[in-house]
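Dear colleague,

I am passing on the structure we spoke about, with the sequence alongside. Please have it open while you read the notes that follow.

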Amino acid sequence: MTRPVVLIAEELSPATVEVLGSEIEVRSVDGTDRGALLEAVKDADALLVRSATQVDAEVYAAATQLKVVARAGVGLDNVDVAAATSAGVMVINAPTSNITSAAELAVALILASLRNVGRADASVKAGKWERKQLAGVELLGKTVGVVGFGRIGQLVAERLRGFGVDLLAYDPYVNHARAAELGARVVELDELMRESDVVTVHMPKTPETTGLIGAEQFALAKPSLHVVNAARGGLIDEEALFEALSTGQIAAAALDVYSSEPPAASDTAKALLALDNITLTPHLGASTAEAQEKAGVAVAKSVRLALAGELVPDAVNVAGGAIDDEVRPGVALADRLGQLFTTLAGEAPELLDIEVHGEIATRDVTALKLSALRGLFRNVVTEQVSYVNAPVLAEERGITVQLVKDESSERFRNVITLRGTLRDGTVVTVSGTLSGVDQEHKLTEVFGHALDLAMSDHLLIIRYEDGPGLIGTYGQRLGAAGINIAGMQVSRAGSVRGAEALVVLNLDEAVDREFAEELGEAIDARSIHAVDLVY
């Protein structure tokens, strides 16, 4: 019997090869040599990479036998997941391999900032002895605010408890009971910024979280505040950070990640480099021997499962087990509805009903539930969300999830609806369907408003009190900003002027949060949401 071929395109640990086992033929190639890669991958069943090898549609086209691509790490920036899905190739990674390393680095940066470790090291090496100038402060008794209370944020909290700190947590999707177990009090971001002596950031980077901590937040802070970011560059507004550090508005900062890396490409980054009260490291969060070893071993185990046809917990683009042919087209739709729900709700629901209406409800639609949950958490947690860990993430956050099937559907042949109840009793609903031969994704309902509109990658959803001239106002402002409206639909909850109207705009490009807020203020909108959908 022919052994499956696993092609390793970058240097991985010996333990990774050992896990693959003798029943698999292991070959090697330099993944940065494009010609050699395309030749070597032709008869490979699996491809293992790290960050240097670009795996795109050209690679999938050359690899006629390829079943799985494995990235030995957390990110997937160098792997075209959409092209892999189209080619029927499973993509896996190692989503939890670096969480301990990332958490430990955050703690190290907190201590380094409080005790001026970086400056002291440079000072002694320069032949100086500046004990008085480099005096620091203790962590004992301080209030530490953890922004983002997912797995890494919780690991940081666990480690900090031993230092005798008071813990605050901000995360719209946090499980309050779990936070309490770790001794953390859940608060809003403004309160956390006002009360904290140290703020450490552990959020994923999304349009909503980019610039999450900026000038407004620094204005609330104590002048003794130390702020740390070892999560994603851009979560802290670097211009606002420079201003706060250079004027003494806050005491110090420590960064491992930057808006552009290395941090010398912009004037703001160069200005930060010149400050004495900032500690900088070169994106070392996952750079430990243990993290690299864990990543290689984890993906090797997943590759073995994939080649054996078994359930792969860390698959990011394929649900475990067979999916009914009638159900499969709805998997991507459910994922995008989950993303849309998260943006509109802004927090974790206490109860989430995933409803499947129509003929498709007679089938096994478990994959739609898993995909909706994956979309729900896609931009909420720092780790990669899979079809296996998505239900676990929901359980950890105290979300009760129900799959509801109903063979009847009034307006469309099949409809998927996400209906969530928030902590204050507010109900948020989004619905969608597949249309036509091309199975186009369509929105059929948002916030109770009936729709029939294409679900494009970039949406702007506005609720406002209906009145004359408002469409012209937001249309003109979008046009002045060079943002093209590719399609739109207005739905009004009533037949009289003054009733609530909801408009969904298909845009050709993304709209940033600040522009959206200004647009909402211009028409006195009840709510406005810029939504960017991926799959």
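Tyrosine 474 has a relative accessibility of 0% and therefore counts as buried; please keep in mind throughout that this is a predicted model. Tyrosine 474 forms an aromatic pair with tyrosine 464, and the pair is edge-to-face, with 6.0 Å centre to centre and 65° between the planes. Because tyrosine 464 belongs to strand 19 (residues 458-465) and tyrosine 474 to helix 17 (residues 470-480), the pair ties together parts that are 10 residues apart in sequence. Tyrosine 464, for its part, is also counted as buried, at 1% relative accessibility.

The count comes to 2 aromatic pairs, and the other pair joins tyrosine 173 and phenylalanine 377, whose ring centres are 6.3 Å apart and whose planes stand at 75°, so that this pair too is edge-to-face. Tyrosine 173 is found in the loop between strand 7 (166-170) and helix 8 (176-181), whereas phenylalanine 377 is in helix 15 (residues 366-377), so the contact between these rings ties together parts that are 204 residues apart in sequence. Tyrosine 173 is buried, with a relative accessible area of 4%, and phenylalanine 377 is buried as well, with a relative accessible area of 0%.

A ring is also involved in a further arrangement, in which arginine 463 lies over the face of phenylalanine 447, at 3.8 Å from the ring centre.

Turning to the sheet, I find an open sheet of 7 strands in the order 8-7-6-9-10-11-12, with parallel pairing. Strand 8 (184-186) and strand 12 (278-280) stand at its edges, and because each has a single partner strand, one side of each is left without a neighbour in the sheet. From one strand to the next, the twist averages 20°. Strand 8 pairs with strand 7 in the parallel sense over 3 bridges, and leucine 167 stands opposite alanine 184 of strand 8.

Two helices that lie against these strands may also be of interest to you. Helix 7 (residues 151-161) lies across strand 6 (143-147), strand 7 and strand 9 (198-201), and it runs at about 170° to strand 7. Helix 11 (residues 238-246) packs on the sheet, where it touches strand 10 (226-229), strand 11 (252-255) and strand 12, and its direction makes about 145° with that of strand 11.

With best regards

Terms used: Residues numbered from 1 in each chain as written. Predicted model: local features only at pLDDT ≥ 70, side-chain atom pairs only at ≥ 80, totals over all residues. Heavy atoms only, no water. Phe/Tyr/Trp six-rings, centres within 6.5 Å; stacked < 30°, edge-to-face > 60°. Helix = DSSP H or I, 4+ residues; strand = E, 2+ residues; numbered from the N terminus. Buried < 20%, exposed > 50% of the residue type's maximum accessible area, 1.4 Å probe, protein only. Lys NZ or Arg CZ within 6 Å of the ring centre and 35° of its normal. Pairing = 2+ DSSP bridges. Axes fitted to C-alpha atoms, helices over the stretch in contact; angles between N-to-C directions. Contact = heavy atoms within 4.5 Å.
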